Amino acid sequence: MVDPTGRNLIFIGMPGSGKSTIGVLVAKRLGMGFIDTDLLIQEQAGRTLQEIVDQDGYVALRQIEEQVLLALDVHNQVISTGGSAVYSDAAMQHLKRNGTVVFLDISLETVIHRIGDYSLRGISRRPDQSLAELFEERFALYTRYADLTIKGECFNQDQLCEAIIRKL
């Protein structure tokens with residue numbers, strides 16, 4: 001089922017939406033590679049996302065993320081992006097040139113339930129910004145860039161994978 005055009009599949013969404021977990025499962029089912037850009041950021045920076053935010057601020061994390069995304073030149077990969085990837089129009093346009101962007105849409109309540117103490121997650125947000133405000137701000141960006149939106153909380157992992165693959 002490998003895409004003969006070599007197009008990528010890019011997952012966007014809030015932390016806790018399943019981008020990495022579902023991304024790996026979809027990659028296996030479709031015979032594609034898998035890339036988690038949060039791990040690439042940590043590898044390039046030599047520290048965790050939370051350490052970047054704590055030491056240099058959320059803007060620095062977004063700048064590193066943009067550099068990592070713009071440097072990606074891959075084919076036939078499932079790419080799990082960080083939740084803040086959508087803050088860079090240049091990066092999103094770069095990803096969309098050779099890929100289909102899938103927004104894993106979950107409610108704020110589900111985000112809170114799944115991620116628990118978000119202060120440990122390396123989430124790129126302004127210090128004065130609540131999770132609810134961040135959710136609302138990002139939702140508009142996720143819907144802007146999405147080629148396909150999948151409601152992520154109504155399914156178990158297998159059902160979600162199947163729903164994504166069916167809609168491609």
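Buried, in this talk, means under 20% relative accessible area, and exposed means over 50%. By that cut-off Cys161 is buried, because its relative accessible area is 0%. Hello everyone, and please keep in mind that what you see is a predicted model.

Let me stay with the cysteines for a moment. Cys154 counts as exposed, because its relative accessibility is 59%. So are these two joined or apart? The sulfur of Cys161 is 15 Å from the closest cysteine sulfur, the one in Cys154, and that is too far for a bond. A search of the whole structure finds zero disulfides, and Cys154 accordingly is in no disulfide, with the sulfur of Cys161 as its nearest cysteine sulfur.

Now the overall picture. The protein chain has eight helices and five strands. If you read along the sequence, the pattern is β-α-β-α-α-α-β-α-β-α-α-β-α. The C-alpha trace spans about 45 × 35 × 25 Å along its principal axes. How does the radius of gyration of the protein chain fit a compact globule? A compact globule of 168 residues would have a radius near 15 Å, and the chain has 15 Å, so the two agree. Buried residues make up 50% of the 168 residues. Of the contacts with a separation of 6 or more, 73% are between residues 24 or more positions apart.

On to the inside. In soluble globular proteins, nonpolar side chains tend to be buried together. Here the largest nonpolar core has 26 residues, and those touching the most other members are Ile12, Met14, Val86, Met92, Leu95, Val111 and Leu131. Which elements each supply at least two residues of this core? They are strand S1 (8-12), helix H5 (89-97), strand S4, helix H6 (108-115) and helix H7 (131-145). H7 gives the most to this core, with six residues. If you want to follow one member outwards, take Val111: leaving out residues up to four places away in sequence, Val111 touches Met14, Pro15, Ile106, Gly116, Leu131 and Phe135. There is also a second, separate core of 16 residues, and Val26, Met32, Val78 and Ile165 are among them.

H7 deserves a closer look. This helix has 15 residues and reaches 21 Å from its first C-alpha to its last, close to the 21 Å expected at 1.5 Å a residue. Which residues of H7 are buried? Leu131, Leu134, Phe135, Arg138, Leu141, Tyr142 and Tyr145 are. An α-helix has 3.6 residues a turn, so residues three or four places apart point the same way. With that in mind, run your eye along the buried residues of H7, from Leu131 to Tyr145. What covers them includes S1, H5, S4 and H6.

One residue from that list, Leu141, sits in helix H7 and counts as buried because its relative accessibility is 12%. Setting aside residues up to four places away in sequence, Leu141 touches Val86 and Tyr87. Leu141 and Val86 are 55 residues apart along the chain, and yet their C-alpha atoms are separated by 6.0 Å.

Next, Asp105, in strand S4 (residues 99-105). Is Asp105 buried or exposed? Asp105 is buried, because its relative accessible area is 7%. What does its side chain make a polar contact with? The partner is the side chain of Lys151, at 2.9 Å. Beyond neighbours within four places in sequence, Asp105 is in contact with Phe139, Thr149, Ile150, Lys151, Gly152 and Glu153.

Two local details before I finish. Helix H2 (residues 37-45) is capped at its N-terminal end by Asp36, with a side-chain oxygen 2.9 Å from the backbone nitrogen of Asp38. After H2 comes Gly46, with a positive phi near 70°. Asn76 also has a positive phi, near 55°, and Asn76 is not a glycine. Where is Asn76 in the chain? Its place is the loop between helix H4 (58-71) and strand S3 (77-80). Even in that loop, Asn76 counts as buried because its relative accessible area is 14%.

If you take one picture away with you, take H7: this helix gives six residues to the largest nonpolar core, and its buried residues are covered by elements including S1, H5, S4 and H6. Thank you for listening!

Key. Residues are numbered from 1 along each chain as its sequence is written. This is a predicted model: local features need pLDDT of at least 70, side-chain atom pairs count only at pLDDT 80 or more; totals for chains, interfaces and linings use all residues. Side-chain values use heavy atoms; hydrogens and water are left out. Helices (H or I, at least four residues) and strands (E, at least two) are DSSP runs, numbered from the N terminus. Buried means under 20% relative accessible area, exposed over 50%, partly exposed in between (1.4 Å probe, protein chains only). A polar contact is a pair of N or O atoms within 3.5 Å; within protein, one must be able to donate a hydrogen and the other to accept it, and residues adjacent in sequence count only if both atoms are side-chain atoms. Contact means heavy atoms within 4.5 Å. A nonpolar core is a set of buried Ala, Val, Leu, Ile, Met, Phe, Trp, Tyr and Cys residues joined through side-chain atoms within 4.5 Å. The expected span of a helix is 1.5 Å times one less than its number of residues. A disulfide is a pair of cysteine sulfur atoms within 2.5 Å. The radius of gyration is taken over C-alpha atoms; the globule rule is 2.2 Å times the number of residues to the power 0.38.
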